[in-house]
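Notebook open, charges on the agenda today. I wanted to go through the salt bridges and any charged patch, and jot down what turned up.

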Amino acid sequence: MTVTHEPGYVEIKAVNETEEYLAELDPSEIAKWTTDQVCTQFLDRINFSYLTENFNVNNISGRVLLMIEERNLVEMGVTVIGDRLMIMSFLKLLKKRKLEADRTKTLWSGQTPAPGLQYSEDCGECCAKICCPCCMTRKNWRVTGQGIFYKTVPPCSWFTTVKQEYIDFRFVKDLELNTSRQMGCCCTAHELILYAEQQSGDAKNNPESNMEYPLLHPEAPEAEKIIRSAWGSARLVAD
């Protein structure tokens, strides 16, 4: 049996359960919700099903739901202040989850050394990459909205641990994209160099402490555009 409450009613004992439910939702799936799904998966679950008609009339899809502000609820006819505040508190959880998902989403990924003779020191290394890639030290790169992760994987015959490092965009100083001709001008190689401060208190503001992170990869030009965009967005958030 479906129970519809009057405006202003809040089932306090269900608030914690509701917050847990919202925290587990996938923001990318919420954005795909239809208006009916918003009503069943959001309004009903937060115990505000009496507003179903208001949401239907205003065509509140999942994508729109994540953009709603309190003034929009007023325009939609949600007159009870307490209800607006409760709805906004639940929406704040969804928006926080979306922000976290956007920051951790993989924007670009790649591995070095990359395939191709132009990305090899010599013919021997090129053959090794083809015949026995696990015999080489590899770096797996992953660019997110927060920064750049790169994992150094040693050769399979080495009894050493995998090393993972992180370059926070707050410490990135500059990017430099270089293109060179290799093998008698027959092949083009792309290299992106990231300049960043060492992420420690002692190294801060010391120019000599800046580190260089070379990314020699055929997709370096694409990675450079993605990193510049994410770096710029991260700086705006920090400011």
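Is E29 buried, partly exposed or exposed? I looked it up: E29 is partly exposed, with a relative accessible area of 40%. Note to self: this is a predicted model.

**Entry: salt bridges.** I found eight salt bridges in the structure. E29 is in one of them, paired with the side chain of K32 at 3.6 Å, N to O. I checked K32 too, and it comes out exposed, at 59% relative accessible area.

Next I pulled up K98 and D102. They form a salt bridge with the closest N and O atoms 3.0 Å apart. Both sit in helix α7 (residues 81–104), four residues apart, which is about one turn of the helix. K98 has 33% relative accessibility and counts as partly exposed; D102, at 41%, counts as partly exposed as well.

Then I went to E165 and K163. Their salt bridge has its closest N and O atoms 3.2 Å apart. E165 is partly exposed at 26% relative accessible area, and K163 is partly exposed at 48%.

**Entry: negative patch.** I also looked for a cluster of charge on the surface. E17, E19, E20 and E24 gather there in a patch of negative charge. I located E24 in the loop between α1 (15–23) and α2 (27–30). How much of E24 is accessible, as a relative area? I read 68%, so E24 goes down as exposed. That clears the cut-off for patch members, which is over 30% relative accessible area and no salt bridge.

How values were computed. Residues are numbered from 1 along each chain as its sequence is written. This is a predicted model: local features need pLDDT of at least 70, side-chain atom pairs count only at pLDDT 80 or more; totals for chains, interfaces and linings use all residues. Side-chain values use heavy atoms; hydrogens and water are left out. Patches are made of residues with over 30% relative accessible area and no salt bridge: like charges are joined within 9 Å, nonpolar side chains (Val, Leu, Ile, Met, Phe, Trp, Tyr) within 5 Å. Accessible areas come from the Shrake-Rupley method with a 1.4 Å probe; for residues, only the protein chains shown count as cover. A salt bridge is a side-chain nitrogen of Lys or Arg within 4 Å of a carboxyl oxygen of Asp or Glu. Lys and Arg count as positive and Asp and Glu as negative; His and the chain ends are not counted. The place of a charge is taken as NZ of Lys, CZ of Arg, CG of Asp or CD of Glu. Helices (H or I, at least four residues) and strands (E, at least two) are DSSP runs, numbered from the N terminus. Buried means under 20% relative accessible area, exposed over 50%, partly exposed in between (1.4 Å probe, protein chains only).
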